[in-house]
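The exercises below each set a task and then work through a solution step by step. Please keep the sequence and the structure in view while you read.

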Amino acid sequence: MPTAMITGANAGLGFEISRQLAEHGYTVILACRNEKKARAAVDRLVAVTGRPPKTFQIVPIDVSVPSSVRDAAHQVAPQQLDVLVLNAGGPMQLTVGAHGVSATIATNAAGHVNLVDQLAADGKFGDDALVLYATSEAVRGAWLFGVPKAVLQFDTDEQVQRILRSEDVRGDAILGYSHAKAAGMLALNALSRRHAGLTVVHVSPGATAGTEVARKGNRESGMPMYMRTMLTSMSGFMLLLGFMHPLSTGARRFTDVVAHPQDYEANGFYASAWRAATTGAVAEQRALVPGMGDPAVEDRMLRQMQAAFL
Ligand SMILES: NC(=O)c1ccc[n+]([C@@H]2O[C@H](COP(=O)([O-])OP(=O)(O)OC[C@H]3O[C@@H](n4cnc5c(N)ncnc54)[C@H](OP(=O)(O)O)[C@@H]3O)[C@@H](O)[C@H]2O)c1
């Protein structure tokens, strides 16, 4: 039976991706930071899928803590993973923590990069394994949500270090978030060149209603009030207008890649095809991300990220 591991699988898109993959016959490893929430998620998954409890395993991980990432990787069996979904994340605080990068970079990018590197180094991926990175339309701009395109300078190591500390976003948590997702895509592309046989695809779920992200408040997310309101109290209206889509649709953007990998380009960035939209069909858009596809830039990002996040 194929196996998929999903970070942040206890809530939102991670939970729904787990549900869809379990229904496609996958054994699912829920990689979560809160064991109680993870156990409750397994109970709900067993109930909604009708699959036996042994279909679901739990691996504890806080992706923002390097030692936790290493411990989690050690718990996976050799050659066990066919699919890894790097889903945990969302807008976070911009403060630099004990591990040399901002909280938003640690969770959305650096922790996941280290997880893939450790799993690959330890031989935990099966043949032709697929790594899906949850990115965002925010990287190429999302006008409806007032998010400008990420403009990044990464010609020198110092510039990249500033990105990793979220220094150039003037306290804007959403801009910091979009820089983190861009940084994650660059570093993962570099990593995929180091580990033959690993295919990385970057997927935005699109603006998805029914997740936890807007309910977390400013202390954790730093998300501006207008955006939290759009994602919570106005989400019914946004769904009706087609500006957001339901959880099942957002998650299907990932499970479609698993079902039809031949239709997706390795290292591609898949987001809503219509540039003004955050819903609808996806198209490959790596040309819209500065530095993406340039091995020198991608390698510099990976090097600096791993040097900082220890
Ligand atoms: N929803 C959208 O419209 C949207 C749009 C574009 C991209 N995305 C991306 O899609 C992914 C999922 O988003 P979502 O909306 O489903 O978010 P969500 O409902 O807030 O769920 C986030 C999940 O990530 C986990 N998580 C957060 N920090 C973690 C850490 N340090 N270590 C381990 N787990 C951690 C959370 O665990 P706890 O329950 O313990 O907090 C939760 O399980 C994110 O990467 C997000 O950036 C979402």
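## Exercise 1: The surroundings of the ligand

Task: In this predicted model, find which of the 29 residues around the ligand come nearest, and then describe the make-up of the shell.

Solution. Begin with the nearest residues, which among the 29 around the ligand are Gly8, Gly12, Gly89, Thr211 and Glu212. Next, ask which element supplies the largest share of the shell: helix α1, residues 12-23, contributes 3 residues. Finally, sort the shell by residue type, which gives 10 nonpolar, 15 polar and 4 charged residues.

## Exercise 2: The order of the sheet

Task: Work out in what order the 8 strands of the open sheet are arranged, and explain why one side of β3 and of β8 is left without a neighbour.

Solution. Read across the sheet to obtain the order β3-β2-β1-β4-β5-β6-β7-β8, in which the pairing is mixed. The two edges are then β3 (56-60) and β8 (282-284), and because each has a single partner strand, one side of each lacks a neighbour in the sheet. From one strand to the next, the twist averages 20°. As a closer look at one pair, take strand β1 (residues 3-7) and strand β2 (residues 27-32), which are joined in the parallel sense over 5 bridges; within this pair, isoleucine 6 has leucine 30 of β2 as its bridge partner.

## Exercise 3: Helices that lie across the sheet

Task: Determine which strands α4 lies across, and do likewise for helix α10.

Solution. Follow α4 first: this helix lies across β1, β4 (81-86) and β5 (125-134), and its direction makes an angle of about 180° with that of β5. Then turn to helix α10, residues 247-259, which lies across β4, β5, β6 (199-203) and β8, running at about 155° to β6.

## Exercise 4: α4 against α6

Task: Establish how the axes of helix α4 (residues 103-121) and helix α6 (residues 173-194) are placed, and which residues meet.

Solution. The two axes come within 8 Å and cross at roughly 15°. Angles under 35 degrees count as roughly parallel, and α4 and α6 are therefore roughly parallel to each other. The crossing in which α4 passes α6 is right-handed. On the α4 side the contact includes Thr104, Ile105, Asn108 and His112, while the residues they and their neighbours in the contact meet in α6 include Gly176, Tyr177, Ala180 and Leu191. Counted by type, this contact holds 10 nonpolar, 5 polar and 2 charged residues.

## Exercise 5: Two oblique pairs

Task: Describe the packing of α1 with α10, and then that of helix α5 (residues 157-164) with helix α11 (residues 295-308).

Solution. For α1 and α10, the axes come within 9 Å and cross at roughly 55°, and the two helices are therefore oblique to each other. α1 passes α10 in a right-handed crossing, with a contact that includes Leu13, Glu16 and Ile17 of α1 and Leu247, Arg252 and Phe254 of α10. The residues of this contact comprise 7 nonpolar, 4 polar and 2 charged.

For α5 and α11, the packing angle is about 60° and the axes are 10 Å apart, so these helices are likewise oblique to each other. Their crossing is right-handed. Asp157, Val160, Gln161 and Leu164 of α5 meet Arg300, Met301, Gln304, Met305 and Ala308 of α11, and these residues divide into 5 nonpolar, 2 polar and 2 charged.

Terms used
Residues are numbered from 1 along each chain as its sequence is written. This is a predicted model: local features need pLDDT of at least 70, side-chain atom pairs count only at pLDDT 80 or more; totals for chains, interfaces and linings use all residues. Axes are lines fitted to C-alpha atoms, for helices over the stretch in contact, and angles run from 0 to 180 degrees between N-to-C directions. Helices (H or I, at least four residues) and strands (E, at least two) are DSSP runs, numbered from the N terminus. Angles under 35 degrees count as roughly parallel, over 145 as roughly antiparallel, 65 to 115 as roughly perpendicular and the rest as oblique. A crossing is left-handed if the near helix is turned anticlockwise from the far one by less than a right angle, and right-handed if clockwise. Two residues are in contact if their C-beta atoms, placed from the backbone, lie within 7 Å. Ala, Val, Leu, Ile, Met, Phe, Trp, Tyr, Cys and Pro count as nonpolar, Asp, Glu, Lys and Arg as charged, and the others, Gly among them, as polar. A residue is near a molecule or strand if its C-beta atom, placed from the backbone, lies within 6 Å of it. Two strands pair if DSSP finds at least two bridges between them.
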